[in-house]
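The exercises below are to be worked with the sequence and the model side by side. Each task is followed by its solution in steps.

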Amino acid sequence: MHMPILLCLTTCPDAGSADRLARALVEERLAACVSRLPGVQSTYRWQGALEQASECLLLIKTTIAAYPALQARLLELHPYELPELVAVESSAALPAYLHWVAAATAPLE
């Protein structure tokens with residue numbers, strides 16, 4: 001049985017906000033794992049101006065079922081006015097890993 005998972009990407013302005021967001025999502029069982037990659041250099045257009053920033057990229061592993069709650073919580077906790085949140089559905093992964101993500105994000109009974 002294929003249980004697709006989502007790899008969600010978001011960026012944070014600093015390590016502190018990235019850590020707080022990652023911990024909250026995992027503690028609240030909205031993500032099985034959040035990997036942090038510091039030192040990402042972003043170039044983007046914001047409110048008509050070209051911007052550049054050093055950011056921390058978060059790779060969030062979750063399920064399709066947990067995504068709506070994850071999205072809502074990210075919007076509550078994220079320091080950006082308009083946070084990035086892009087979700088990519090897996091097309092292949094180790095079956096045991098898929099089961100682990102599902103179990104780690106399942107509501108406690």
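**Exercise 1. The start and span of a helix**

Which residue caps the N-terminal end of α1?

Solution. The model is predicted, so local features are taken at pLDDT of at least 70 and side-chain atom pairs at pLDDT 80 or more, while totals for chains, interfaces and linings use all residues. Residues are numbered from 1 along each chain as its sequence is written, and side-chain values use heavy atoms, with hydrogens and water left out.

Step 1. The cap is D14: one of its side-chain oxygens lies 3.2 Å from the backbone nitrogen of G16. Helices (H or I, at least four residues) and strands (E, at least two) are DSSP runs, numbered from the N terminus.

Step 2. Helix α1 covers residues 15–27, which is 13 residues. The expected span of a helix is 1.5 Å times one less than its number of residues. For α1 this gives 18 Å, and the end C-alpha atoms are 18 Å apart, so the two values agree.

Step 3. After α1 comes R29, with a positive phi near 65°. R29 is not a glycine and is found in the loop between α1 and β2.

**Exercise 2. The two sides of α1**

Determine which residues of α1 are buried and where they point.

Solution. Step 1. Apply the cut-offs: buried means under 20% relative accessible area, exposed over 50%, and partly exposed in between (1.4 Å probe, protein chains only).

Step 2. The buried residues of α1 are S17, A18, L21, A22, A24 and L25. Seen down the helix axis, they fall within an arc of 165°, so they line one face of α1. The arc is that of the directions from the helix axis to the C-beta atoms.

Step 3. A15, R20 and E27 are exposed on the other side of α1.

Step 4. What do the buried residues of α1 pack against? Their partners are β1 (5–12), β2 (33–46), β3 and α2 (67–77). Contact here means heavy atoms within 4.5 Å.

**Exercise 3. Salt bridges**

How many salt bridges are there, and how are the partners placed along the chain?

Solution. Step 1. A salt bridge is a side-chain nitrogen of Lys or Arg within 4 Å of a carboxyl oxygen of Asp or Glu. By this rule there are four salt bridges.

Step 2. One of them joins D19 and R36, with closest N and O atoms 3.6 Å apart. This pair links distant parts of the chain, since D19 belongs to helix α1 and R36 to strand β2, 17 residues apart. D19 is partly exposed at a relative accessible area of 31%, and R36 is partly exposed at 40%.

Step 3. Another joins E27 and R23, at 3.5 Å from N to O. Both residues lie in α1, four residues apart, about one turn of the helix. An α-helix has 3.6 residues a turn, so residues three or four places apart point the same way. E27 counts as exposed at 58% relative accessibility, whereas R23 is partly exposed at 48%.

Step 4. E76 and R73 also meet in a salt bridge, at 2.8 Å from N to O. They both lie in helix α2, three residues apart. E76 is exposed at 57%, and R73 is partly exposed at 24%.

Step 5. E28, R73 and E76 are linked in a network of salt bridges.

**Exercise 4. A charged residue without a salt bridge**

Describe the surroundings of E55.

Solution. Step 1. E55 is found in strand β3 (residues 49–63).

Step 2. Is E55 buried or exposed? E55 is buried and has no salt bridge. The nearest side chain of opposite charge belongs to R20, 14 Å away. In this count Lys and Arg are positive and Asp and Glu negative; His and the chain ends are not counted.

Step 3. The side chain of E55 makes a polar contact with that of Y80, at 2.6 Å. A polar contact is a pair of N or O atoms within 3.5 Å; within protein, one must be able to donate a hydrogen and the other to accept it, and residues adjacent in sequence count only if both atoms are side-chain atoms.

Step 4. Leaving aside neighbours within four places in sequence, E55 is in contact with T11, C12, L37, P38, G39, V40, S42 and Y80.
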